[in-house]
Structures are given as C-alpha cells and as structure tokens.
Amino acid sequence: MTETNLYIVRHGKTMFNSLTRVQGWCDTPLTKSGRQGIHYVGLGLQDTNFVEAYSSDSGRAIETMRILLGEHPTGKEIPYHVDPRIREWCFGSLEGAYDAEMWGVIPRVLNFKTEDDMFATDVTFQEIADAVYNADTANWAETYEKLRSRVWEGFEDIAQRREKDGGGNVLIVSHGLTIAFLLNLIDSDQPVRANLLNGSINQLNYKEGKFTIKAINDISYMERGKMISDQRLA
C-alpha cells in the first residue's frame, strides 16, 4: 500500500489579510499578489503526484485550489471535493474587525494585559476558543468542543478514506488558525501559533490511525515555483 500523505496549504493572501482584518467565516478574494504566490506554489508542486484534492467551502480556499490544480499537469483529472469541516474558526461578532481589535479583546477576556503577554505564557487553543466564544456578542462562535470535533473529524476522515482506498498524496487547502490547531491536536507540544504563511505547506503522514507531522510552514514549493517561473521568462 502506498503511503498516505496530506499536503495542507494555507490559502493565498486575501484582501482582508492585506488589511489585517479578522477573516474566519467571512470571506474576501485573493489579491493579485496572493494569486501570484499560489501560482508559484502550484508550479512548485507540479512534480508531486496527487490522487485527490480537498478545500474548505470558503471562497478564498476554492480560488486557491483552482489555481493550484490549474498549474498541475494532471489537475483536470484530480478528483476535487469541498469539505466545510476544514474551514477557518468562526470569530462571531469579531469577524471583519481589525486584527489588533480581536487580539486586544481576547487577552483581556483571559486576564492578560496584551497579546504579547498572553502568547508569552502556555496559553492553549482551548482557552483562546473559549475567549472568542465568550467575547462573541452575536452568539455565532463555536464552542471548543464543537470546533475540535469538526476540525479533527474533517481531516481524519480525509486521511482514513485515502488510506482505505490505497493511499497516495492528497492536496488540501485550509486556513491558518485551523491548520495550526490541527498541528496542536496531533502533537500537544506544537505551540499555539497564528503565523502560518499564506501559501505555506504543512505536510502530514497518516498510517493506521495516527498522524505524523513531516513539515510545517514550508515555503520551499513557492520558492521553487518562482524559480521555474523566472526561468520561463528569461
């Protein structure tokens, strides 16, 4: 049986990413530079054989996947599925606010003076999720238990089905905090991070019910794709 590997890409840079606004379940399109970066990632992945592709149901993830598949030599033949379980966290009434506003509110809910003070401690994703839930005046945010269940089940189902069907490489587009959360669920020693780069790849191996982390925040595929693009233009 072929190994089962997940190549999980953070979507390309969007308008709200550029404006440093909170973007969970709300959505904005990729910017020109965001699209270009994902074109590079696609070129960098063109020698990797994928048997399936998945993205969240957010427009920015779907747009990213279409670019990636468009650059892949067999992209038109790769089965592509949309799974809402791997979308970003919902930040409720904090959606659309400036990042500095959200990361000003959450530390105060947890009795920290600043974001830096909070991240200097061993703050957990559960504490952050609870803080978002408590700060959300619209009552849209998910509880930690619901969030954990959907994210874990979404990625595990993808991996389990692929392993059952003979393994292979799966291309996935998801979101920064969701990917970081998944890494922490796999390995509790992984830090609570909100700094995964747009277009970065996080590679997981799945075998007999267990994930192993192979790469985090890897931008080498983007760099390789840029080199290929530059060579074509030379």
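# A guided tour of the six-stranded sheet

Arg10 is the place to begin: in strand S4, Ser174 stands opposite this residue. The model on display is a predicted one. Display strands S1 (4–10) and S4 (residues 168–174) together; they pair in the parallel sense, and seven bridges join them. Next, colour S4 by accessibility. Seven of its seven residues are buried, so the strand is largely enclosed by the rest of the structure.

**The whole sheet**

Select every strand of the sheet next. It is an open sheet of six strands with mixed pairing, and the order to follow across it is S3-S2-S4-S1-S5-S6. The edges are formed by S3 and strand S6 (210–218); each has a single partner strand, so one side of each is left without a neighbour in the sheet. On average, and with direction ignored, neighbouring strands here are turned by 20 degrees against each other.

At the S6 edge, select strand S5 (residues 201–207) as well: S5 and S6 pair in the antiparallel sense over six bridges. One pair to label is Asn205 and its bridge partner in S6, Thr212.

**Strand S2 and its two neighbours**

Move to strand S2 (residues 50–55), which is mostly covered, with five of its six residues buried. Towards S4, the pairing of S2 is parallel and runs over five bridges. Label Phe50, which stands opposite Asn169 in S4, and then Ala53, whose bridge partner in S4 is Leu171. Towards strand S3 (residues 80–82), S2 again pairs in the parallel sense, over three bridges. Ala53 serves as a landmark here too, since in S3 this residue stands opposite Tyr80.

**Helix H3**

Now add helix H3 (residues 59–71), which together with S2 and S3 makes a right-handed β-α-β unit. A distance check is possible in the viewer: at 1.5 Å a residue, the 13 residues of H3 should span 18 Å, and the end C-alpha atoms are 19 Å apart, which agrees.

Show the side chains of Arg60, Ala61, Ile62, Thr64, Met65, Ile67, Leu68 and Leu69, which are buried in H3. To see what surrounds the buried residues of this helix, display S1, helix H2 (32–44), S2, S3 and S4, against which they pack.

**Arg60**

Is Arg60, a residue of helix H3, buried or exposed? Its relative accessibility is 0%, and it therefore counts as buried. Select its contacts, leaving aside residues up to four places away in sequence: His11, Thr14, Gln23, Gly24, Cys26, Asp27, Thr28, Leu30, Glu88 and His175. For a distance across the chain, pick Leu43, 17 residues from Arg60 in sequence; the two C-alpha atoms are separated by 19 Å.

**The cysteines**

Cys26, one of the residues that Arg60 touches, leads to the last stop. Why does Cys26 form no bond with Cys90? The sulfur of Cys90 is the closest cysteine sulfur to that of Cys26, yet it lies 8.9 Å away, too far for a bond; the cut-off for a disulfide is 2.5 Å between sulfur atoms. Cys90, likewise, is in no disulfide. The count of disulfides comes to zero.

Colouring by accessibility completes the view of this pair. Cys26 is partly exposed, with a relative accessible area of 23%, whereas Cys90 is buried, with a value of 6%.

Methods:
Residues numbered from 1 in each chain as written. Predicted model: local features only at pLDDT ≥ 70, side-chain atom pairs only at ≥ 80, totals over all residues. Heavy atoms only, no water. Buried < 20%, exposed > 50% of the residue type's maximum accessible area, 1.4 Å probe, protein only. Helix = DSSP H or I, 4+ residues; strand = E, 2+ residues; numbered from the N terminus. Pairing = 2+ DSSP bridges. Right-handed = clockwise from strand over helix to strand, strands pointing away. Expected span 1.5 Å × (residues − 1). Contact = heavy atoms within 4.5 Å. Axes fitted to C-alpha atoms, helices over the stretch in contact; angles between N-to-C directions.
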